[in-house]
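This report considers an arginine and its surroundings, and then turns to a protein surface beside DNA. Please keep the sequence and the structure in view while reading.

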Protein chains: 2
Amino acid sequence: MSKFKGAERPVLDAEEVVVPCCPPLTAGELTPRDAERMAVMFKALSDPVRLRLFSKIASHPGGEACVCDIQDVGVSQPTVSHHLKKLREAGLLTSERRGTWVYYQVAPSVVAAMSAMLDLRSVAEGR
Amino acid sequence: MSKFKGAERPVLDAEEVVVPCCPPLTAGELTPRDAERMAVMFKALSDPVRLRLFSKIASHPGGEACVCDIQDVGVSQPTVSHHLKKLREAGLLTSERRGTWVYYQVAPSVVAAMSAMLDLRSVAEGR
DNA sequence: CCGCTGTTTCGATCACTGTCTATATAGGGA
DNA sequence: TCCCTATATAGACAGTGATCGAAACAGCGG
C-alpha cells in the first residue's frame, strides 16, 4: 500500500496537502476539486478514535503531546500510531521526535480555523 | 443498504440522531460518546459527492432543491439517491415529497452551525 | 555492544462503503 | 386503465479502512 513516508496523496497534489481550506459550503456550489480537498479533511476527522486523539493533543498545554500521553483510547498502540499517521497525512497534525519520544502538534494553520469551528456555536446560536 | 445490518443505530440513540452538536475540540478532551457523535457528522461529509450534493442544496434559493436539480455530479442516479439517504440519516438533510418530485432541505438545526462553520474563516482569521 | 523502552511499519483479517445494473414504487397525465 | 417520468430499493462487486500481533527501527543507559 504505502512504501513512502508521509508524502503521498492520490487525488491531491503534494502542495495542497489538505489544509484548513474550506470555501464556504452554503455560499455556492463546490467545485469537484474543492470537494475533494474538503472530503479529505472531513474523512480524517470521521473516526471516533482520531477525534479523541486530536482533542487530546489540541487540549494539551502548548497544543502538543507525546504519544505516550494520549495512547489510552481503547485500541492497541500500533493502531494509535496508524491513526496519528492519518491525521498527519491529512495535514491536521505535525510530529517531531525529541529523544525517545515523539510529540504531535496541531498543525499551525489548522489552529485558527479549528478553534473557531468548534466554538462556533457561540456564533451560530448568537450566544 | 439494508434496513437492518447489525442494527441501524451504531452507538447513538434515536433521539440524538446526529445534530450540529459539537463540543469544542480544543477546549478539552472529548468523551468517547461525543467523539462518536461528531464522527458520524464528519463521516457524512467525508465524501466528495456528498459534499457537492450538500453544497448544491445549501446554496440553492431557500436552502432546498429538487433531486432533479442536483443529480449532475458524475455518478448514477441510484448512487445520488444513496448519498442523499446517508446525509439524511446523519441528520444533515431533510426531505419532502411534493407531487412527482422530492425536495431536500438542509436540516434546520444544522443551518446555523454549518454556515458558521464554513464561514468561520472570517472568525478564525479575524477578517 | 547489549538490552530496554517508545514508536512505526508489516501483513493479515474482516467489516464497511461507493458504485453499478436491475427492479420497484409513486404520481401525473393520455 | 396504461404508460411515462422521478425517485428509491435490492443485490452484487471491488476498493478502502480499522484493527491486531509480530517484527523492525530509534534513542538511551549500562
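## Contacts of B:R50

The side chains of B:R50 and B:H83 are joined by a polar contact of 3.1 Å. The model in which this pair is found is a predicted one. A polar atom of the B:R50 side chain also lies 3.2 Å from the backbone oxygen of B:K43.

Which residues are in contact with B:R50, leaving aside its neighbours within four places in sequence? They are B:K43, B:A44, B:H83, B:K86 and B:L87. Two members of this list, B:H83 and B:K43, thus also appear in the polar pairs described above, the former through its side chain and the latter through its backbone oxygen.

## A buried charge

Is B:R50 buried or exposed? B:R50 is buried, yet it has no salt bridge. The nearest side chain of opposite charge belongs to B:D47, at a distance of 4.8 Å. A salt bridge requires a side-chain nitrogen of Lys or Arg within 4 Å of a carboxyl oxygen of Asp or Glu, so a pair beyond that limit is not counted.

B:D47 has a contact of another kind: it caps the N-terminal end of helix 2 of chain B. One of its side-chain oxygens lies 2.8 Å from the backbone nitrogen of B:V49.

## Helix 2 of chain B

B:R50 is part of helix 2 of chain B, which covers residues 48-58. Why is this helix described as largely enclosed by the rest of the structure? The reason is that 11 of its 11 residues are buried. Among them are B:P48, B:V49 and B:L51, as well as the charged residues B:R52 and B:K56.

## The surface near DNA strand D

In chain A, the side chain of A:R50 has an N or O atom 2.9 Å from a phosphate oxygen of DNA strand D. For the side chain of A:H83, the corresponding distance to a phosphate oxygen of the strand is 2.3 Å, and for that of A:K86 it is 3.4 Å.

In total, 27 residues surround DNA strand D, and the closest are A:R50, A:S76, A:T79, A:H83 and B:Y104. By class, this surface has 10 nonpolar, 10 polar and 7 charged residues. Helix 4 of chain A provides the largest share, 5 residues. Helix 3, helix 4 and strand 3 of chain B each supply at least two. On the DNA side, 78% of the strand D atoms within 4 Å of the protein belong to sugar or phosphate, and the rest belong to bases.

Terms used. Residues are numbered from 1 along each chain as its sequence is written. Chains are lettered from A and ligands numbered from 1 in the order in which they are written. This is a predicted model: local features need pLDDT of at least 70, side-chain atom pairs count only at pLDDT 80 or more; totals for chains, interfaces and linings use all residues. Side-chain values use heavy atoms; hydrogens and water are left out. Helices (H or I, at least four residues) and strands (E, at least two) are DSSP runs, numbered from the N terminus. Buried means under 20% relative accessible area, exposed over 50%, partly exposed in between (1.4 Å probe, protein chains only). Lys and Arg count as positive and Asp and Glu as negative; His and the chain ends are not counted. A polar contact is a pair of N or O atoms within 3.5 Å; within protein, one must be able to donate a hydrogen and the other to accept it, and residues adjacent in sequence count only if both atoms are side-chain atoms. Contact means heavy atoms within 4.5 Å. A residue is near a molecule or strand if one of its heavy atoms lies within 4 Å of it.
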